[in-house]
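I opened this notebook page to record what I looked up, one topic at a time. The entries below follow the order in which I went through the model.

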Amino acid sequence: TLLENFAANNAQGTPNDNHIAVSNDGKIVSVVNTNFRVYNDAGTQLQQKALSSFLGSEQNISDPRIIYDPLTDRFILIFFSFIY
């Protein structure tokens with residue numbers, strides 16, 4: 001049964017490499033190659049941040065993944081970054 005739906009984070013690139021995780025209290029984190037966004041369970045955006053802000057500049061960031069650890073109630077963000 002579908003209880004709620006909304007348009008979340010999206011990307012323009014191919015592949016868009018989107019990934020999502022949901023916390024125990026209904027916070028939704030959606031990541032794409034350029035940013036992550038946090039939503040509540042009603043679909044209201046609570047926060048947005050560029051992935052490059054973690055590194056201070058664009059460093060060929062790609063393939064982000066978000067994981068939720070229910071035991072510690074924390075999200076874990078992982079992405080590749082490399083310099084030529």
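Does K27 count as buried, partly exposed or exposed, and at what relative accessibility? I am working from a predicted model, and there I found K27 at 34% relative accessibility, so I entered this lysine as partly exposed.

**Entry: the charged pair**

I looked next for a partner of K27 and found D25, with which K27 forms a salt bridge whose closest N and O atoms are 3.7 Å apart. That separation falls within the 4 Å that the salt-bridge rule allows, and by this rule the count comes to 1 salt bridge. On the aspartate side I noted that D25 is exposed, because its relative accessible area of 52% is over the 50% cut-off. As a general reminder to myself, side chains of opposite charge can pair when their charged atoms come close.

**Entry: overall layout**

I then stepped back to the whole protein, for which I counted 0 helices and 6 strands, so that I could write the order along the sequence as β-β-β-β-β-β. Of the 84 residues in the protein, 26% are buried, and the protein exposes about 5800 Å², with carbon and sulfur atoms supplying 52% of that area. I also checked how far apart in sequence the contacts reach: among those with a separation of 6 or more, 34% are between residues 24 or more positions apart.

**Entry: the β1 and β2 hairpin**

I followed strand β1 (residues 19-22) into strand β2 (residues 28-31) and recorded that the two pair in the antiparallel sense over 4 bridges. In this pairing V22 stands opposite I28 of β2. The hairpin has 5 residues between the strands, and in it G26 takes a positive phi near 90 degrees.

**Entry: the nonpolar core**

Which residues make up the largest nonpolar core? I listed A21, V29, V31, F36, V38, L51, I61, I66 and Y68, 9 residues in all. Strands β2, β3 (35-39) and β5 (61-69) each supply at least two residues of this core, and the largest share, 3 residues, comes from β5. I wrote beside this list that, in soluble globular proteins, nonpolar side chains tend to be buried together.

From the core I picked out V31 and, leaving aside residues up to four places away in sequence, found that V31 touches N9, D17, N18, H19, F36, P64, R65, I66 and L77.

**Entry: S62 and F79**

I moved on to S62, which is found in strand β5 and counts as buried because its relative accessibility is 18%, below the 20% limit. Apart from neighbours within four places in sequence, S62 is in contact with N33, F79 and F80.

F79 lies in strand β6 and, at 21% relative accessibility, counts as partly exposed. With residues up to four places away in sequence set aside, the contacts I found for F79 are L51, F54, L55, I61, S62, D63 and P64. I also took the C-alpha to C-alpha separation of F79 and I66, which comes to 8.8 Å in space for residues 13 apart in sequence.

**Entry: a nonpolar surface patch**

Last, I looked for nonpolar side chains on the surface and found a patch formed by I67, I76 and I78, which together have about 240 Å² of accessible area. I76 is found in strand β6 (residues 74-81), and I entered I76 as partly exposed because its relative accessibility is 39%.

How values were computed
Residues numbered from 1 in each chain as written. Predicted model: local features only at pLDDT ≥ 70, side-chain atom pairs only at ≥ 80, totals over all residues. Heavy atoms only, no water. Patch = residues over 30% accessible without salt bridge, like charges linked within 9 Å, V, L, I, M, F, W, Y side chains within 5 Å. Areas by Shrake-Rupley, 256 points an atom, 1.4 Å probe, with all protein chains shown as cover. Buried < 20%, exposed > 50% of the residue type's maximum accessible area, 1.4 Å probe, protein only. Pairing = 2+ DSSP bridges. Core = buried A, V, L, I, M, F, W, Y, C linked by side-chain atoms within 4.5 Å. Contact = heavy atoms within 4.5 Å.
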